[in-house]
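Reader: Could you walk me through the charged side chains here? I would like to see how each label is earned.

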Amino acid sequence: MSGFLKSSIGRKIAMAISAFFLMVFILQHFAINILSVFNPDAFNEVSHFMGTNPLVQFVLQPVLIFGVVFHFLMGFVLEFKNRASRRVSYAVNNGNANSTWMSRNMIYSGGFILVFLVIHFIDFWIPELNIKYVTGDTSGLLADGSDYRYFEELQHKFVPLWRVILYCVGFIFLSLHLLHGFNSAFQSVGGNNKYTNSLKGFGKAYAVLIPLGFIVIALFHFFNNSH
């Protein structure tokens with residue numbers, strides 16, 4: 001495995017596989033969170049299942065964390081390797097002619113997404129770990145025991161305007177990152193065939209609609225909170 005990752009092609013393929021894995025997770029994450037807009041009870045039930053199921057917590061969650069860390073580390077490694085290989089700078093850098101803006105700035109969009117993820121973990125994941133494994137409360141219920149607390153906690157997070165703006169900007173950067181990242185990952189695994197155009201169309205739709213959906217969720221809870 002280490003030998004595979006030492007080659008440029010191996011690193012690109014590993015990067016692509018981790019990207020596809022994270023795209024599946026983002027889609028699943030969106031499917032759960034959109035329930036909070038249309039059916040809070042279903043959102044509570046699914047959130048409680050995901051938060052207490054041993055397979056999810058002790059198998060899938062560590063795999064997800066590894067996938068996130070691996071993807072970002074490999075992205076930074078590829079960027080530094082690419083920069084080191086450019087021994088001669090272009091006399092005139094016509095960026096639009098050589099490559100797209102998104103492809104030239106993947107390292108920056110990825111860096112912002114990494115910062116956004118850290119804030120997201122601080123907002124949701126770390127408090128949840130504290131409740132379940134420090135205080136020992138795995139019931140998922142509100143203090144009065146009347147209902148699950150997940151929907152109420154989600155709404156509470158989107159009361160401050162600064163956090164809503166941060167999340168919206170974060171998802172815009174995610175969209176920009178995905179617009180180039182999907183096609184790049186697809187090419188890295190040798191996916192040039194008669195389905196290429198259809199897959200590119202799917203990638204563009206995914207890159208726009210899923211982040212837009214997350215923005216709708218954030219705005220929905222912000223405007224439906226009492227101020």
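**Charges and their partners**

Author: Happily! Asp41, Glu45, Asp144, Asp147 and Glu152 form a surface patch of negative charge. This is a predicted model, where local features need pLDDT of at least 70, side-chain atom pairs count only at pLDDT 80 or more, and totals for chains, interfaces and linings use all residues. Residues are numbered from 1 along each chain as its sequence is written, and side-chain values use heavy atoms, leaving out hydrogens and water.

Reader: Why is Asp144 called exposed?

Author: Exposed means over 50% relative accessible area, buried under 20%, and partly exposed in between (1.4 Å probe, protein chains only). Asp144 has 61%, so Asp144 counts as exposed.

Reader: What makes Asp123 and Arg163 a salt bridge?

Author: A salt bridge needs a side-chain nitrogen of Lys or Arg within 4 Å of a carboxyl oxygen of Asp or Glu. For Asp123 and Arg163 the N to O distance is 2.9 Å, which fits. Asp123 lies in helix α8 and Arg163 in helix α10 (residues 161-188), so the pair ties together parts 40 residues apart in sequence.

Reader: How do you know that Asp123 is buried?

Author: Its relative accessible area is 6%, so Asp123 is buried. Arg163, at 11%, is buried too.

Reader: Which residues does Arg149 join into one network?

Author: Arg149 meets Glu128 in a salt bridge at 3.1 Å, N to O, and Glu153 in a salt bridge at 3.1 Å, N to O. Through shared partners, Glu128, Arg149 and Glu153 become one network.

Reader: Why is Glu153 called partly exposed?

Author: Its value is 29%, so Glu153 is partly exposed.

Terms used. Patches are made of residues with over 30% relative accessible area and no salt bridge: like charges are joined within 9 Å, nonpolar side chains (Val, Leu, Ile, Met, Phe, Trp, Tyr) within 5 Å. Accessible areas come from the Shrake-Rupley method with a 1.4 Å probe; for residues, only the protein chains shown count as cover. Lys and Arg count as positive and Asp and Glu as negative; His and the chain ends are not counted. The place of a charge is taken as NZ of Lys, CZ of Arg, CG of Asp or CD of Glu. Helices (H or I, at least four residues) and strands (E, at least two) are DSSP runs, numbered from the N terminus.
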